[in-house]
Amino acid sequence: MIDLGGGHGLYAIALACKNSTLNAIVFDLPGVIPLTKKYIHSYNLQERVLVQGGNFLTDNIGDNYDLIFSSSNPSGKSPDMIKKISKGLKPGGYFVTVQPGDETVAYDPINELEFSLWTFENIKIPKKSWSKNKKFLTEEYLNALNTHKLSVQSISRISDPYIKNYGVSMLIAKKEL
């Protein structure tokens, strides 16, 4: 599997702990990788959970994955990434993405401030368009999945116990055989 924008690596670590045959890659910006390695080492998983520094928007993410995972970042929310994700999956592989933005909530300036501190090199689109509150499951996004042979298996809403009336959406899609 590969966790795009995996940051701390805890999703890949948890999945590797639950599945002793899983090998994972945490793909994130080079500046994040030292922290990711510390977490992986603390779970003694450096043989099965690797790191790869890069920019998922512009760099090759590899191919032949059984699972591509994305949580709370543009890799799993942007219709423009779907082609790259589909190409990275083997036939029958799964794309799982957990993203905010489909709940109707008031504007959250703290959340937007945090997001505006992220840096995406070589991206000409204004950062505002990458907002965490940007809608995720749009018609454009769902059409991109279909166009690139990813069939939606399920969509679930997961509430956030810390923010009233807020949650995330989890989409599971399978690449056609």
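Helices (at least four residues) and strands (at least two) are here DSSP runs, numbered from the N terminus. The model is predicted.

**Exercise 1. Lay out the fold.**
Task: Determine how many helices and strands the protein has, and in which pattern they follow one another.

Solution.
- Step 1. Count the elements: the protein has 5 helices and 7 strands.
- Step 2. Read along the sequence. The pattern is β-α-β-α-β-β-α-β-α-α-β-β.
- Step 3. Look at the contacts with a separation of 6 or more. Residues 24 or more positions apart account for 67% of them.
- Step 4. Turn to the surface. The accessible area comes to about 10,100 Å², and carbon and sulfur atoms hold 55% of it. Of the 177 residues, 43% are buried.

**Exercise 2. Find the two sides of helix α5.**
Task: State which residues of α5 are buried and which are exposed.

Solution.
- Step 1. Helix α5 spans residues 139-147, and its buried residues are Y141, A144 and L145.
- Step 2. Place them around the axis. They lie on the same side of α5, because their arc covers only 100 degrees.
- Step 3. Recall helix geometry. An α-helix has 3.6 residues a turn, so residues three or four places apart point the same way.
- Step 4. Check the other side of α5. There E139, E140, N146 and T147 are exposed.
- Step 5. Identify the cover. The buried residues of α5 are covered by elements including α3 (82-88), β5, β6 (150-159) and β7 (167-175).
- Step 6. Inspect the end of the helix. Just after α5, K149 takes a positive phi of about 60 degrees.

**Exercise 3. Trace the nonpolar cores.**
Task: Work out which elements give two or more residues to the largest nonpolar core.

Solution.
- Step 1. Start with a general tendency. In soluble globular proteins, nonpolar side chains tend to be buried together.
- Step 2. Take the largest core. It has 22 residues, and those with the most contacts inside it are I2, L4, I68, F95, Y141 and L171.
- Step 3. Assign the elements. β1 (2-4), β2 (24-28), β4, α3, β5, α5 and β7 each give two or more residues. The largest share, 3 residues, comes from α5.
- Step 4. Follow one member. Leaving out residues up to four places away in sequence, I68 touches I2, L4, I61, I85, G88, L89, Y94, F95 and V96.
- Step 5. Separate the second core. It has 15 residues, including I13, I40, F69 and V168.

**Exercise 4. Analyse the aromatic pair.**
Task: Classify the pair of Y11 and F69, and say which elements it ties together.

Solution.
- Step 1. The count is 1 aromatic pair.
- Step 2. Its members are Y11 and F69, with centres 4.9 Å apart and 55 degrees between the planes.
- Step 3. Apply the cut-offs. Planes under 30 degrees apart are stacked and those over 60 are edge-to-face, so the rest are tilted. The pair of Y11 and F69 is tilted.
- Step 4. Y11 belongs to helix α1 (residues 10-18) and F69 to strand β4, so the pair ties together parts 58 residues apart in sequence.
- Step 5. Compare the partners' burial. F69 is buried at 8% relative accessibility. Y11 is partly exposed at 39%.

**Exercise 5. Locate the salt bridge.**
Task: Establish which residues form the salt bridge and where they sit.

Solution.
- Step 1. The structure holds 1 salt bridge.
- Step 2. K90 pairs with D66, and their closest N and O atoms are 3.1 Å apart.
- Step 3. K90 sits in strand β5 (residues 89-100) and D66 in strand β4 (residues 65-71), 24 residues apart.
- Step 4. Check the exposure. K90 is partly exposed at 26% relative accessible area. D66 is also partly exposed, at 48%.

Notes: Residues numbered from 1 in each chain as written. Predicted model: local features only at pLDDT ≥ 70, side-chain atom pairs only at ≥ 80, totals over all residues. Heavy atoms only, no water. Buried < 20%, exposed > 50% of the residue type's maximum accessible area, 1.4 Å probe, protein only. Contact = heavy atoms within 4.5 Å. Areas by Shrake-Rupley, 256 points an atom, 1.4 Å probe, with all protein chains shown as cover. Salt bridge = Lys/Arg side-chain N within 4 Å of Asp/Glu carboxyl O. Arc of directions from axis to C-beta. Phe/Tyr/Trp six-rings, centres within 6.5 Å; stacked < 30°, edge-to-face > 60°. Core = buried A, V, L, I, M, F, W, Y, C linked by side-chain atoms within 4.5 Å.
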